[in-house]
Amino acid sequence: MSGKESEKKEEKIEVPEEERALASRMLERLISTPTVTGMEQAAEEVVRGLLGPYVDELRVTGWANYVGTINPEGKRSVMLVAHIDQIGFIIRAIDDKGYLKFSPVGGWDPKVPYGWRVKVLTKKGAIKGVIGTIPPHLMKKEQREKPPEFENLAIDIGAESKEQAEEMGVRIGDYVVLDAPYDELTRYRVVGSGFDDKSGVATIFMAAKRLWERREELRDVRVHVVATVQEEIGLRGAYMMGYELRPDVALVVDVTFATSPGLPPEKVRAELGKGPVISIGPIYHPEVVERLLKVAEEREIPHQREADPRGMGTDTWAIQIARGGVKTALSSIPNRYMHSGVEVVDLRDLVLNSRLLAEYVLDWAKKGS
Ligand SMILES: [Zn+2]
């Protein structure tokens, strides 16, 4: 790169304050409502509050998938999808001293929860706890070198006996989340746990708002805004909803790895704040991908491209093969430190992605195919 080129400043991406604030508000509400895989029904009130105003109909399926529909009479249908479940833990046993033994729900690195505060979600409400640690002074050499294992960890809720733990409301089968509140680091960058995939849920809800405000332009297009369950244990809600709704097109929003220290730059390229990441690869339908890229160019929506030769990790994988096949695409939110208590996303990516989804749908509605 010549001196001149390197001096050329990159144009700073900005989004309207109103849209940034909405993204932050929606994300905070979603993050503050724990929905470990298996307890997604806990989000009903929040989903009704956030999505309800922007759809004609909103229903909750038997397994607590949330389906908001705009223009229900439309003949052609598109589904905007993000999963509402998040990884967590489940209580497996309470020992005589009142410690809680637990197992992971979803893909955890056991180093992550070691030494964290947690919330145990009992029927009587959330109670505070910590995942205890071994002081370094007392660690054996092998312990220092080996990562902790889940079977050796326990949650301490301050109880002095099994009876006291039960009196406090704890039962085998209660879910647990990290106590990792939502916070703004800067105007655009926020930190929390469960941005996978609540940043996607906030994105499709914001897209619903945009489409609701321009619903006369939808013509014969029916829009389903779907928050799916149980993605983290095998895309199970996506299988249910792809089969049930059988849309013509499904646009999925999930998180993707963002560049951060220690990650190989040749493998991880998506950057925070540079816009949605459009996946290209076998399970992403070429027509849909092309339209996404075209709309992004025409509307000057900053975006990034990612080549994905497989595509197993998101709801796209399940919806693509529903019935005779659904035309699918994926536009992701870059996420640093995925599956930890300190995930970081950039609110601009949520706003820009919601704009991309809405413009895609309106373009499809206008063109007639
Ligand atoms: Zn995940």
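**Figure 1. What kinds of residues line the largest cavity?** Sorted by class, the lining has 1 nonpolar, 5 polar and 2 charged residues. Keep in mind that you're looking at a predicted model. Go round the wall and you'll meet Gln-86, Ile-87, Ser-193, Gly-194, Asp-196, His-339, Ser-340 and Glu-343. The nonpolar one is Ile-87, while Asp-196 and Glu-343 are the charged pair. As for room inside, the largest cavity holds about 40 Å³ of space. The count of cavities of 30 Å³ or more comes to 1.

**Figure 2. Here's how the chain is split into domains.** The domain assignment gives domain 1 two stretches, 3-86 and 193-367. Domain 2 covers 88-178. Taken over C-alpha atoms, the centres of domain 1 and domain 2 sit 33 Å apart.

**Figure 3. Now zoom in on where domain 1 meets domain 2.** On the domain 1 side, 13 residues are in contact with 13 residues of domain 2. Together the two domains bury about 910 Å² between them, and carbon and sulfur atoms give 72% of that area. Which three residues of domain 1 supply more of its buried area than any other three? They're Pro-34, Val-36 and His-339, which supply 42% of the area that domain 1 buries against domain 2. You may remember His-339 from the lining of the largest cavity.

**Figure 4. How many salt bridges and polar contacts cross this interface?** The rule finds 0 salt bridges between domain 1 and domain 2. For polar contacts, it finds 1 residue pair across the interface. By class, the side of domain 1 that touches domain 2 has 5 nonpolar, 7 polar and 1 charged residues.

Terms used: Residues numbered from 1 in each chain as written. Predicted model: local features only at pLDDT ≥ 70, side-chain atom pairs only at ≥ 80, totals over all residues. Heavy atoms only, no water. Domains from an automatic or database assignment. Contact = heavy atoms within 4.5 Å. Buried area = accessible area lost by both parts, 1.4 Å probe. Salt bridge = Lys/Arg side-chain N within 4 Å of Asp/Glu carboxyl O. Polar contact = N/O pair within 3.5 Å; in protein donor to acceptor, adjacent residues only side chain to side chain. 1 Å grid on protein atoms, 1.4 Å probe; cavity = no way out; pocket = protein on both sides within 12 Å on 5 of 7 lines; lining within 4 Å. Points joined across faces, edges and corners; volume = space filled by probe spheres on them.
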